[in-house]
Amino acid sequence: MNLSLLILVPLLTAVAVLLGNGLKQIRAIAFIGSLVQLGLAANLLYVFLQSKGAGNTAPMLFEYNASWFAPLHINYHVGVDGISIAMILLTSLIVVAGILVSWSMEKLSKEYFFLLVLLSMGAYGFFISLDLFTLFFFLEIAVIPKFLLIGIWGSGNKTNSAMKLALMLMAGSALVFVGLMGIFYNTHTFDIMEIAKMQIPLQVQLFFFPFAFLGFGIFAALFPFHTWVPDGHASAPTAASMFLAGISMKLGGYGCLRVATYLMPEAAHSYSWIIILLATIAIIYGAFATMMQTDLKYINAYSSISHCGFVILGIGMLTKTSINGAVIQMVSHGLMTALFFAAIGMIYSRTHTRMVAQLGGLLKVMPFIATTFVIAGLCSLGLPGFSGFVAEMTVFMGSWQNADGMYRLATIISAASIVVTAVYILRATGKSIMGPIHQEHEVLLDATWNEKLAAILLITGIVIIGMAPFLITNLIGPSTDNLMLQIGKAITLK
Amino acid sequence: MSNYAYVLWIPLLPLLTFVVLGIFGRKYFKTSAGIIGTASLLAAAILSFNTAYHYFLVDGKVNGVFQKIIALQYTWLSFSPGVSVDMGIVIDPISVMMLMVVTSVSLMVHLFSLGYMKGEERFATYYAFLSLFTFSMLGLILSVNIFQVYIFWELVGASSFLLIGYYFSKPSAVAAAKKAFIVTRFADLGFLMGILILGFYGGTLDIGLLIQKLTSNTSPEFINITSASFLGASMLTWGLTLVFMGGAGKSAMFPLHIWLPDAMEGPTPVSALIHAATMVVAGVYLVARLFPIFSMDPTSLTIVTYVGAFSAFLAAVIACTQTDIKRVLAYSTMSQIGYMMFALGISKQGGEEGLGYMASMFHLFTHAFFKSLLFLGAGAVIHMVHSNEMKDMGGLRKLMPITHLSFLIACLAIAGIPPFAGFFSKEEILMAAFHSNKIIYGVALFTAAMTSFYMFRLYFSIFWSKEAAHHDHHHGEGTWSMKLPLVILSICAVGVGMIPFSSFVTSDGVALETHTDLMFSLAPVSLTIIAISLAAYLYKTQNQKPDQLATAWGGIYKAAYKKFYIDEVYLFITKKIIFPFIGQPIAWVDKNIVDGFVQSSATVTAKISSSIKGLQSGKIQSYTLYFFGGIIALSLLFIYIWK
């Protein structure tokens with residue numbers, strides 16, 4: 001399959017959106033574009049599995065390499081493995097759902113849908129890039145729309161939130177850029193597959209790894225650079241929150257894994273204690289901070305910090321199982337948090353409040369939305385049958401395999417967060433979904449067809465991973481093996 | 001040996017019912033949901049009894065030993081070579097015994113609910129949740145892999161949450177559901193840690209393999225796990241104790257029992273199913289499932305013994321003072337489970353020494369029937385008087401003859417009067433305790449007497465005491481679907497004790513010879529009769545004696561009535577320590593320090609940008625000024641500094 005289609009389709013959709021007229025036409029264009037994209041992603045999965053089934057063991061499939069800017073050895077080099085396919089599928093699902101929940105976005109609808117589609121293009125490009133410069137280029141494409149989406153269509157203290165988000169993510173990008181330059185000047189290539197074959201000197205790795213890892217880490221809400229997350233998510237319009245938490249934060253996790261850890265494994269090993277420390281703090285600190293929140297969006301945003309800590313923890317532990325867990329957690333968290341934001345958005349658009357104390361008994365008047373909320377909550381607190389359980393347990397099992405005593409302690413502390421998670425999820429659910437209903441809410445209506453469709457899509461993803469986790473481990477397993485070849489070599493070298 | 005793969009249908013039927021009723025119930029099966037649920041469970045129960053018949057009576061035994069059969073197994077999630085989560089079905093004496101218990105009690109509850117829950121707005125949802133619970137419980141029982149146990153363990157907890165919170169508009173129901181989930185979640189954290197430890201040292205998560213590796217004194221795994229130690233205890237002790245912590249949470253053992261009494265907020269048939277007969281014995285079942293490993297570690301078994309015995313005693317004391325009939329039953333459940341726990345704790349693996357194990361399983365079996373009968377009876381009473389409080393009841397024996405008779409049978413069974421079911425199983429437990437630990441025996445004996453006392457206090461207060469108040473009994477004693485389960489369970493409460501249990505379920509699969517010693521039974525039975533007489537004296541007719549007694553006992557009575565303030569301790573820790581000293585400081589630090597830093601740098605940036613934005617004014621004149629100014633400044637720099 002030609003991977004460039006994954007970039008081309010959003011690009012064409014974006015152009016078509018600009019040419020469209022009126023909300024109805026624009027949203028139809030965006031929706032069809034996103035469906036085509038979902039179809040492409042599904043097809044990609046199909047041909048990938050077929051090719052793997054036929055015994056193709058190449059680390060990257062469907063590669064395409066063309067010179068882009070020869071003097072600097074910048075190539076347009078794309079290719080996918082199981083991990084990037086998982087991320088692409090995640091992105092395409094969230095895009096469809098995000099467009100569905102924005103169905104009645106009256107305000108500047110053309111610009112709104114244009115930015116959403118543009119953001120998704122950045123994400124697709126990022127996940128298929130095998131050239132560091134191209135990868136960075138797409139990362140930037142995915143950042144700018146967020147600033148505008150929050151700044152223009154946001155709510156609350158939106159200017160401040162948008163500014164904070166843009167500044168922090170730009171700082172992250174700058175750090176990433178320094179890291180990439182460091183790699184480039186030592187290997188004279190931007191090609192990830194080429195660099196992986198070379199041995200970057202340890203001193204260089206030790207110097208540049210923190211830049212790359214922290215840079216991507218800011219995207220993935222690494223403590224203490226996570227503060228853009230709560231305000232950014234809370235101020236963003238629903239679809240933007242979904243994209244932000246579901247896709248953007250995954251760019252960071254993917255970058256930490258594919259660029260920082262994969263290309264500089266020795267440094268990753270040396271710094272693993274810092275990574276694990278920060279991840280453990282994020283997990284437990286995020287969980288306790290969530291417990292004190294009173295706004296549904298803040299609850300989900302803070303819980304994202306805690307959940308994304310598991311991604312970082314899994315990467316930091318550097319065992320095959322823990323990295324598998326990190327990838328599953330990225331997919332799982334993406335779907336779950338998008339579902340959560342979608343449900344919160346639906347509640348907000350009806351009740352005009354997100355404060356837990358002002359809500360209650362919504363199960364009575366809007367059973368569908370309430371059930372969606374409860375499912376997202378149960379997934380978040382790691383109930384078996386949903387993806388969150390599979391992801392967290394894989395991270396725990398993988399982390400536990402790292403037999404270092406202090407790392408074991410970190411695993412135990414992180415695992416303890418499942419209790420705190422249960423507390424905040426059940427508090428939020430108990431107050432807003434259950435309990436007595438407020439009188440003025442008794443007349444509210446349940447979800448419309450587009451909202452239902454969005455929720456069902458995301459729930460399907462969550463349940464498939466939760467019920468049949470072997471599907472995703474079979475998809476990403478061989479690719480993690482490839483990563484581990486590189487990482488394992490580095491660890492034994494030391 | 002026959003093929004047991006069809007056992008898969010036993011959990012699958014309720015799962016299908018859950019999916020169908022959960023998705024389409026509200027729309028299409030609003031009234032027929034009950035019939036669908038009951039029918040599917042009837043099929044599951046028939047399959048279970050068929051399995052039991054084949055296993056116990058036809059071909060389960062090879063050379064006099066009941067075999068452990070893995071009927072199905074496939075890898076669900078593979079972590080690393082050798083360590084994977086497998087889903088499967090194990091057929092052995094305890095799993096088959098539990099199959100019968102769960103499906104038959106669940107069937108009775110499904111049937112009873114047809115009448116009890118009639119006309120509920122969310123009738124279909126109720127049956128969907130019941131099916132979900134039954135599926136999870138059956139999956140737990142049939143687990144081949146310790147992680148499979150954990151998965152279904154969590155699902156059982158979630159369905160319990162959904163059912164306790166069924167009346168979701170009631171804040172007290174929501175609070176109870178939350179409490180049950182969070183307390184058991186905390187315990188499950190221990191369970192998870194225990195799994196990680198056992199799985200790491202054992203190199204597998206498969207229960208059969210774990211038992212194989214960790215019960216031989218010479219295997220490298222066993223040597224590793226017993227030689228590694230942390231804080232003075234071996235990792236085997238840690239692993240098992242942590243697993244037991246999970247079990248103690250689900251089985252409401254002290255100090256993790258606080259959720260059980262509150263869980264009575266759920267519909268009463270749910271209490272009969274989940275919080276009396278099935279889910280709460282999951283902890284006992286877990287210890288029994290891993291018993292060969294537990295038997296290798298006396299320390300963890302001692303913990304099991306004392307936690308069980310203390311819980312049995314504590315709950316019995318509290319039960320004597322409660323006035324809500326469901327709460328009395330809840331504490332009674334906790335007390336009886338404590339019995340099962342300590343019976344396991346004092347047992348050894350195999351042979352005559354394994355009497356405690358057999359007795360524990362036997363008591364689990366008989367208890368399921370008479371306790372669910374008690375709850376359903378209480379449900380019928382509550383249905384009639386619309387209250388849970390004893391003071392609103394009294395004299396109901398004429399109004400509800402069937403309920404009265406079945407409740408009496410159940411009370412006699414739990415009190416341990418021969419020939420009712422409880423007598424036989426309790427007798428075995430007392431016997432096992434007598435032969436291994438006299439202190440435990442004493443506690444058990446005293447608890448047995450208290451049990452009879454509070455159960456008959458309950459019985460007399462409901463059915464005798466004063467004359468029946470005027471009740472609006474438009475529905476009489478209830479529909480046939482409510483009476484039938486009471487009758488069937490009454491027959492069980494009389495009959496199941498006669499089953500030669502020890503020839504079917506033992507610690508090593510070999511039949512055990514047991515005999516009832518008349519002289520031995522003399523002490524417990526006479527104590528029981530004295531306790532019942534005392535209850536009759538105090539509560540059969542309305543009088544001032546109970547109040548006078550309560551006043552006389554003063555402090556102790558009040559402490560027991562207030563459940564020894566254990567809830568208050570928990571509330572203090574969460575509300576006064578964790579929230580203000582951990583949660584709030586973290587939230588504050590995040591807002592003011594971590595984010596404060598970012599925020600102030602943003603403010604500074606914004607200030608700078610706004611102060612210099614005037615420079616980009618769009619006025620050609622000022623641009624020209626800056627331009628030439630810049631040229632002059634640069635020229636000066638070049639001339640004077642760089643020369």
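**A predicted two-chain complex: questions and answers**

Reader: What percentage of the contacts in chain A with a separation of 6 or more do residues 24 or more positions apart account for?
Author: Two residues are in contact if their C-beta atoms, placed from the backbone, lie within 7 Å. Among such pairs in chain A with a separation of 6 or more, the share from residues 24 or more positions apart is 81%. This is a predicted model, in which local features need pLDDT of at least 70, side-chain atom pairs count only at pLDDT 80 or more, and totals for chains, interfaces and linings use all residues. Residues are numbered from 1 along each chain as its sequence is written, while chains are lettered from A and ligands numbered from 1 in the order in which they are written. The value asked for is 81%.

Reader: How many residues of chain A are in contact with chain B?
Author: On the other side, chain B takes part with 37 residues. The number for chain A is 42.

Reader: Which helix gives the largest share of the side of chain A that touches chain B?
Author: Helices are DSSP runs (H or I, at least four residues), numbered from the N terminus. Those supplying at least two residues each include α6 (158-187) and α18 (405-433) of chain A. The largest share, nine residues, belongs to α18(A).

Reader: What radius of gyration does chain A have?
Author: The radius is taken over C-alpha atoms, and the globule rule is 2.2 Å times the number of residues to the power 0.38. With 494 residues, a compact globule would have a value near 23 Å, and chain A agrees with this at 21 Å.

Reader: What ipTM does the predictor give the complex?
Author: The predictor gives a pTM of 0.90. The ipTM is 0.90.
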